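Please open the model in a viewer and keep the sequence at hand. The tour proceeds by selection, with a note at each stop on what is to be found there.

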Amino acid sequence: MLLEVEGLCVNYGHIEAIRDITFGVEEGSITTLIGANGAGKTTTLKTISGLRKVRAGRVLFDGKDITNLPPYDRVKLGLSQSPEGRGCFPGMTVRENLDMGAYVRSDRRTPAYQADLDRVFELFPRLLERVNQAAGTMSGGEQQMLAIGRALMAKPRLVLLDEPSMGLAPKFIQQIFSIISEINAQGTTVLLVEQNAAQALKRADSAHILETGEIVRSGTGAELAGDDSVRAAYLGGDV
Amino acid sequence: MDFGALFGSLDNFLSFTMGGLVFGAVYALIALGYTMVYGVLQLINFAHSEVFMYGTFAVAWMFIFLHGTESVTWSLGKAAPILVAALVGAMLLSAAIALLLERFAYRPLIRKGAPKLIALISAIGASFALAEAMGLRDRFADKLGLSDNLENYVAPGKARDVFSNPVTIQPKGLFEVGGYTVSDVDLVILAACFIMMIALDTFVRRTRFGRGIRAVAQDPETAALMGVNSGRVVQVTFLIGGLMAGAAATLYMMKIGSTRQNAGFILGVKAFTAAVMGGIGNLRGALVGGLLLGVMENWGSAVFGSEWKDVVAFVLLVLILLVRPSGILGESLGKARA
């Protein structure tokens with residue numbers, strides 16, 4: 001297991017945001033967390049990244065206990081997150097945002113770095129067109145691409161994607177999901193949080209359903225996609 | 001009201017303008033400290049005025065240490081070696097005070113998620129404590145057995161009086177602009193201000209750590225996800241503000257030659273005004289605001305009389321904010337375009 005989450009509990013004040021969450025992410029897989037708004041998906045990701053304090057439980061990355069590691073040290077271990085919504089730095093250009101993604105890397109003047117930039121531009125040609133534009137002036141979809149590309153610039157072993165399809169036009173949603181598959185095929189493990197359950201389950205090796213802060217179902221993507229109660233609750237009965 | 005005093009001759013006009021620019025350069029360097037901390041923490045570092053004031057004393061102490069307490073008048077050239085040492089000393093002491101403020105007056109509060117208002121109260125407290133500590137330096141010197149060496153500079157009961165630098169620097173006219181003689185001191189002050197502004201601007205815009213500072217200013221949580229240690233960014237922000245205030249203190253002592261334990265207050269308020277006028281959180285705004293404030297208040301004092309100088313400065317602040325509530329350049333450090 002590349003990532004292990006054991007009995008994780010996180011509170012916001014006196015309110016329990018997530019309760020006793022346990023799951024693992026296999027190296028090389030796509031794992032997805034699906035659930036309604038407020039189910040605790042984003043909190044789970046933020047806790048794995050180190051942005052939220054843990055009340056109980058542990059987070060292990062590659063066997064190492066990182067529960068109390070500050071977020072910036074987790075990035076160095078190979079954990080990278082594309083935050084929910086428009087998580088780009090609005091006053092920075094596309095290129096500067098991508099450079100921020102590689103903040104912890106020390107090889108920014110090498111061909112390897114340029115190759116990683118090229119790879120991001122290959123995945124998202126739109127970013128190359130706008131390389132000197134301020135991120136804050138781009139559309140929501142373009143900013144979403146930038147956030148994903150930026151997360152890849154850290155050269156992560158595990159990338160956490162928080163609602164990558166949120167606010168996108170339908171034709172872009174399909175495109176973003178095929179890019180996620182491509183990223184995974186190139187060797188990066190993916191932990192994906194989504195409201196678009198149909199697409200997420202289609203591509204996930206394993207999937208977990210969150211309801212009010214707890215995992216209520218787990219299985220492979222195909223199993224859950226084929227389950228009647230899951231279809232009724234999350235897929236609108238139509239995959 | 002006497003517009004003739006300002007506009008009557010080109011000579012007068014340039015003289016007041018130049019004098020204003022020189023003061024404005026000092027305001028701008030102090031304003032940087034307010035604007036950087038605000039950009040990163042959205043916090044007014046009210047005690048930054050004391051960071052500057054300690055710098056002015058570091059300059060005077062360096063002159064006493066390297067020259068002695070005998071009052072003399074030197075040319076800029078002759079004072080230059082000690083001035084360089086004083087610059088280093090002032091930058092170090094001011095930076096140290098700024099870092100101590102961050103560590104003890106702000107960090108514990110921010111860690112606990114205290115509202116910004118609480119941090120402001122803490123800043124005001126720290127400001128008074130620092131100023132009063134400087135006002136008690138005769139007692140400290142006495143305890144350390146230094147009173148004899150320093151004579152009247154720390155004579156009992158004199159610590160609250162004006163403290164004059166033993167070395168008075170006599171400016172030398174270099175060239176004339178429309179009848180106004182530009183002195184070497186004026187030129188050094190303006191040049192130092194511009195060099196430091198350009199260096200800082202380049203650091204923030206072009207270096208990796210500078211990008212980290214801008215990232216924290218724009219979105220601290222996302223910056224953490226990129227691997228930026230925001231605690232370190234905050235420290236460096238205070239450090240830079242302190243270094244700049246120390247430089248400003250040296251330039252100020254070159255020009256004015258005296259200070260006292262409450263010297264930071266009015267300069268701090270002016271520099272803060274300059275930062276707000278230029279657009280708080282914006283580095284270039286600090287320069288624009290500082291120079292503009294210096295010039296306008298000098299013009300104001302020519303027209304209305306020098307006792308109206310501060311009134312002109314603050315009326316100007318109100319007028320500018322009425323027209324442009326976010327300041328002249330507006331955008332913050334965070335939103336600053338590349």
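Select helix 3 of chain A, residues 94-101, in this predicted model. Seven of its eight residues are buried, so the helix is largely enclosed by the rest of the structure. The buried positions are Val94(A), Glu96(A), Asn97(A), Leu98(A), Asp99(A), Met100(A) and Gly101(A). To see what covers them, add helix 4 (111-123), helix 5 (125-129) and helix 6 (140-153) of chain A, which are included in the cover. Then add helix 9 (208-218) of chain B, which also belongs to the cover of these buried residues.

Helix 9 of chain B leads to the contact between the chains. Select the residues of this contact: 21 come from chain A and 20 from chain B. On the side of chain B that touches chain A, the elements giving two or more residues are helix 9 and helix 10 (220-225) of chain B. Helix 9 of chain B provides the largest share of that side, with six residues. Coloured by class, the residues on the side of chain B that touches chain A divide into seven nonpolar, six polar and seven charged. For the model as a whole, the scores are ipTM 0.91 and pTM 0.90.

Return to chain A and display its sheet. Which order do the six strands follow? The open sheet of chain A runs 6-7-8-3-9-10, with mixed pairing. Strand 6 (79-82) and strand 10 (214-219) of chain A stand at the edges; each has a single partner strand, so one side of each is left without a neighbour in the sheet. From one strand to the next, the twist averages 20 degrees.

Within this sheet, select strand 7 (residues 158-162) and strand 8 (residues 189-194) of chain A. These two strands run parallel and are joined by five bridges. One residue pair to label is Val159(A) with its bridge partner in strand 8 of chain A, Val190(A). Now show helix 7 (residues 170-185) of chain A, which packs on the sheet and touches strand 3 (30-35), strand 7 and strand 8 of chain A. The direction of helix 7 makes about 155 degrees with that of strand 8 of chain A. Helix 6 of chain A, already on display as part of the cover of helix 3, lies across strand 6 and strand 7 of chain A. Helix 6 runs at about 170 degrees to strand 6 of chain A.

Next, colour chain A by domain: domain 1 comprises 1-78 + 156-164 + 187-239, and domain 2 comprises 86-155. Their centres, taken over C-alpha atoms, are separated by 25 Å. The contact between them takes six residues from domain 1 of chain A and seven residues from domain 2 of chain A. On the side of domain 1, helix 2 (71-77) and strand 7 of chain A are the elements that give two or more residues. By class, this side of domain 1 has five nonpolar, no polar and one charged residues.

The last stop is in chain B, which averages a pLDDT of 89, with 94% of the residues scoring at least 70. Select Leu21(B) in helix 2 (residues 10-41) of chain B. Is this residue buried or exposed? Leu21(B) is buried, because 20 other C-beta atoms lie within 10 Å. Not counting residues up to four places away in sequence, Leu21(B) touches Leu190(B), Leu291(B), Gly294(B) and Val295(B). Finally, place a distance label between the C-alpha atoms of Leu21(B) and Val295(B): the separation is 5.5 Å, although the two residues are 274 residues apart along the chain.

Terms used: Residues are numbered from 1 along each chain as its sequence is written. Chains are lettered from A and ligands numbered from 1 in the order in which they are written. This is a predicted model: local features need pLDDT of at least 70, side-chain atom pairs count only at pLDDT 80 or more; totals for chains, interfaces and linings use all residues. Helices (H or I, at least four residues) and strands (E, at least two) are DSSP runs, numbered from the N terminus. A residue is buried if 20 or more other C-beta atoms lie within 10 Å of its own, exposed if 12 or fewer, and partly exposed in between; C-beta atoms are placed from the backbone. Two residues are in contact if their C-beta atoms, placed from the backbone, lie within 7 Å. Two strands pair if DSSP finds at least two bridges between them. Axes are lines fitted to C-alpha atoms, for helices over the stretch in contact, and angles run from 0 to 180 degrees between N-to-C directions. pLDDT is the predictor's confidence in each residue, from 0 to 100. Ala, Val, Leu, Ile, Met, Phe, Trp, Tyr, Cys and Pro count as nonpolar, Asp, Glu, Lys and Arg as charged, and the others, Gly among them, as polar. Domain bounds come from an automatic or database domain assignment.
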